[in-house]
Amino acid sequence: MDLIALGINEVFGNGVIWAVIIGALIGVTIGSIPGLEPAGVMAILLPLTFTMEPLFGVTLLLGVYGGAWYGGAIPAILMNTPGTPVAVLTTYDGYPMAKRGEGKKALSIAYTSSFFGGIVSVLSLVFFAPTLSQVATLFGSAEFAMLALLGMVFVVLAHNKYALEAAAMIGLGMFLGSVGIDRSFNTQVYTFDQPWLLAGVPLVPAVIGLFAMSQAYVLISAKGNDSFKTKLEGSGRFEGFFVLMRNKVTAIRSAILGVVMGLLPGVGEFGSQFFSYTLAQKFSKNPDEFGKGAEAGIVASETSNNAVTASVLVPLLAFGIPADALMAMLLSVFMVHNYTPGPRLFTEHPEFISGLYVALFVMNIFIFIYLTFASRFIVNITRIRGRFIGALIFVLGFLGAYSQNYQFTDAFIALGFSVIGYIMKRNNIPAVPIILGLVLGPVFLNRMRQALGVSNGSFDVFLDRPIALTLFSVTLLSIFVFTYSKIREKRRVA
Amino acid sequence: MEYEHRKSKLFFLVITIVSVYLIFTYQSHTLEIKRDHGWYTQPYVAPLFGLGILAFFSFIKLMLVIRPIEGEKSLLESFVESLSYYRMVVITGILFFVYVNAITILGFTLSTLLFVLSIVWLSRLMSRIWVLNTFIAVALIVLIFRVGVNIWIPDVLLYETLFSGETLWFMNKYF
């Protein structure tokens, strides 16, 4: 109870509530504009959070992250265009429902399901994070190296059809992560004698370029009239609650899947959403209704993608291993404030942890109430021209990249990554693995170097220690199962 | 293999060549420290590990898509065709480059205004309403980031020729 009181005091007494509200409002707005991704906007806001109190900065970014996942359902349902990539499956049943004149009901189902998923996710964070952080005390260099390896392998496998591309991009990220000065010998590594590369490839300009500015090119070069005429029809603003009750098994299953997927580095909301939707269809009495406006379809999709939002924080808080690009950015906020994730964070900064829990609860409640009553107003946001937003993203991208170190070269690095990001978008090559390679690559290589140093270069150090061996076995098993399923799939097609 | 998976042929061809080149020229990019043991501490291990993964998977991907299939455009044809898609990217990229360099000469507010207006014009959105929206958006950005958050920008050449004393300080600090 003391912990809860501490958290409530942190959130309401120290003004963190404003970060929650502002972050959530920005997030919902971003989510409702197709083409704007939370990763890019979080990257732009990231340097600004470095000057804030840690809890303020983290909750602001989490508000953007969580809010976008809620808001993404609005254009998915009303315009058949997902506001965020994770709302793809919501279009399957949400849009047909809106076409039948039940837009309000579909939105209500999406909000209520998202709220349920979000709350379950926060509860999972409250229960799992402290427990797993205790497990982290048993971790040495070998274990951390294997965990980082597992994370990178999961990222690749999660890209399923694009796994080869993702593997190559992980390699690119790892290479970029090694550029700069080698601290052991004070020598330059692939800097091409460029002074601006001595400190390595900076994460924030890379994220801004790959996610925000590359998307700005897409928006600016879009042809024709890109503003949408959307309207909100029907009744049933509170219908979502009754639909959720009717589909409680689907909701609970999807929430659990979302939480579990969030705990696995790299898998995230995409995997959980597809699994949940497929299972909901499989166990449904009316599977033919899926894709034509099935209530259970929206419940499965929206519950699962929001169930990831807090559980994805567990590997970050417990081990310092970010599960996706957004968590990699949050990690940098922690690092700037000398808040090292792991068991010591829980004992040394309990006010931060409890404040985070309370802030996440409040955020979900606020977004749910806001969306339930302000949908008619938010719908207007979808009418803003994409090309105008694209132009503004460049300006915000400059501010985000520049303000981290006050160097114009960072803005040019962002520009370089934006071109690469756009080429990748046009060729369907995933960009997330680059960021995770950039963050997890150095963790893996440095920890491996330390572990090998202890064992005088013997790889037995990874096989003698039970946790390291388990993680390594899971990595190998995952690769084997994935490869086997791919070969079977290919044979079946042939 | 679906067309979507074959689109990246040219990308992976370039990536494979570049990564293989970087691997073979590693000695000119990193130092090899003479030691009897502890190979894993060498500065070249980490970049070569990343480059190795990049080269290996890019090569596999390339092998899977390089053989042309019936009706598919050649590498050169698809490269020429894709150039039109990158026209706007090149123009916007150059504009952004000019914009960033112009900030120390014209100041953040004026450079931003000109940059956004140029893109609005290139996007064929130049109408009274979008010009007004541009002014409002730029004003908001200046208020939030320059005045509110106080992001520091080097002193501006234009202001130094136009203003002096407190006005110059005010302009350099907020605009």
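Arg449(A) and Asp182(A) form a salt bridge in this predicted model, with their closest N and O atoms 3.4 Å apart. The pair joins distant parts of the chain: Arg449(A) lies in helix α21 of chain A and Asp182(A) in strand β1 (residues 180–182) of chain A, with their positions 267 residues apart in sequence. Asp182(A) is buried, having a relative accessible area of 8%.

**Salt bridges**

Side chains of opposite charge can pair when their charged atoms come close. Over all chains, the count comes to seven salt bridges. Three of them are set out below, including the pair already described.

| Salt bridge | N to O distance | Separation in sequence |
|---|---|---|
| Glu295(A) and Lys105(A) | 2.9 Å | 190 residues |
| Arg449(A) and Asp182(A) | 3.4 Å | 267 residues |
| Arg246(A) and Glu295(A) | 3.4 Å | 49 residues |

Glu295(A) appears in two of these rows: the side chain of Glu295(A) meets that of Lys105(A), and the side chain of Arg246(A) also meets that of Glu295(A). Lys105(A), Arg246(A) and Glu295(A) are accordingly linked in a network of salt bridges. In the pair of Glu295(A) with Lys105(A), the former belongs to helix α14 (residues 295–311) of chain A and the latter to helix α7 (residues 103–136) of chain A. Arg246(A), for its part, is placed in helix α11 (residues 239–246) of chain A. Lys105(A) has a relative accessible area of 14%; because this value is under 20%, Lys105(A) counts as buried.

**Surroundings of Thr187(A)**

Asp182(A) is met again in the surroundings of Thr187(A). Thr187(A) is part of strand β2 (residues 187–189) of chain A and is buried, with a relative accessible area of 7%. When neighbours within four places in sequence are left aside, Thr187(A) contacts Gly180(A), Ile181(A) and Asp182(A), together with Leu31(B) and Pro43(B) of the other chain.

**Packing of helices α10 and α21 of chain A**

Two packed helices are described by the angle between their axes and the distance between the axes. Helix α21 (residues 432–454) of chain A, which carries Arg449(A), is paired here with helix α10 (residues 203–220) of chain A: the axes come within 10 Å and cross at roughly 175°. An angle over 145 degrees counts as roughly antiparallel, and α10(A) and α21(A) are therefore roughly antiparallel to each other. On the side of α10(A), the contact is made by Leu203(A), Ala206(A), Val207(A), Leu210(A) and Phe211(A). On the side of α21(A), the contributing residues are Val432(A), Ile434(A), Ile435(A), Leu438(A) and Val439(A). The residues of this contact comprise ten nonpolar, no polar and no charged.

**A buried alanine in chain B**

Ala55(B) sits in helix α4 (residues 45–65) of chain B. With a relative accessibility of 10%, Ala55(B) counts as buried. Apart from neighbours within four places in sequence, Ala55(B) is in contact with Thr16(B), Ser19(B), Val20(B) and Ile23(B). The C-alpha atoms of Ala55(B) and Leu22(B) are 9.7 Å apart in space, while the two residues are 33 residues apart in sequence.

**Positive phi angles in loops**

Asn428(A) is not a glycine, yet has a positive phi of about 55°. Asn428(A) occupies the loop between α20 (408–426) and α21 of chain A and is partly exposed, with a relative accessible area of 24%. In chain B, Arg124(B) likewise has a positive phi, near 55°, in a residue other than glycine. Arg124(B) is located in the loop between α6 and α7 (128–148) of chain B. At 77% relative accessibility, Arg124(B) counts as exposed.

**Confidence of the prediction**

For the complex, the predictor gives an ipTM of 0.91 and a pTM of 0.85. Chain A has a mean pLDDT of 85, and 96% of its residues reach 70 or more. Among the elements of chain A, the lowest mean pLDDT (79) belongs to helix α3 (residues 38–49) and the highest (93) to helix α9 (residues 163–178). Chain B has a mean pLDDT of 86, with 95% of its residues reaching 70 or more. Among the elements of chain B, helix α1 (residues 3–6) has the lowest mean pLDDT (65), whereas helix α6 (residues 108–122) has the highest (93).

Terms used:
Residues numbered from 1 in each chain as written. Chains lettered and ligands numbered in written order. Predicted model: local features only at pLDDT ≥ 70, side-chain atom pairs only at ≥ 80, totals over all residues. Heavy atoms only, no water. Axes fitted to C-alpha atoms, helices over the stretch in contact; angles between N-to-C directions. Helix = DSSP H or I, 4+ residues; strand = E, 2+ residues; numbered from the N terminus. Parallel < 35°, antiparallel > 145°, perpendicular 65-115°, else oblique. Contact = heavy atoms within 4.5 Å. Nonpolar A, V, L, I, M, F, W, Y, C, P; charged D, E, K, R; others polar. Buried < 20%, exposed > 50% of the residue type's maximum accessible area, 1.4 Å probe, protein only. Salt bridge = Lys/Arg side-chain N within 4 Å of Asp/Glu carboxyl O. pLDDT = per-residue confidence, 0-100.
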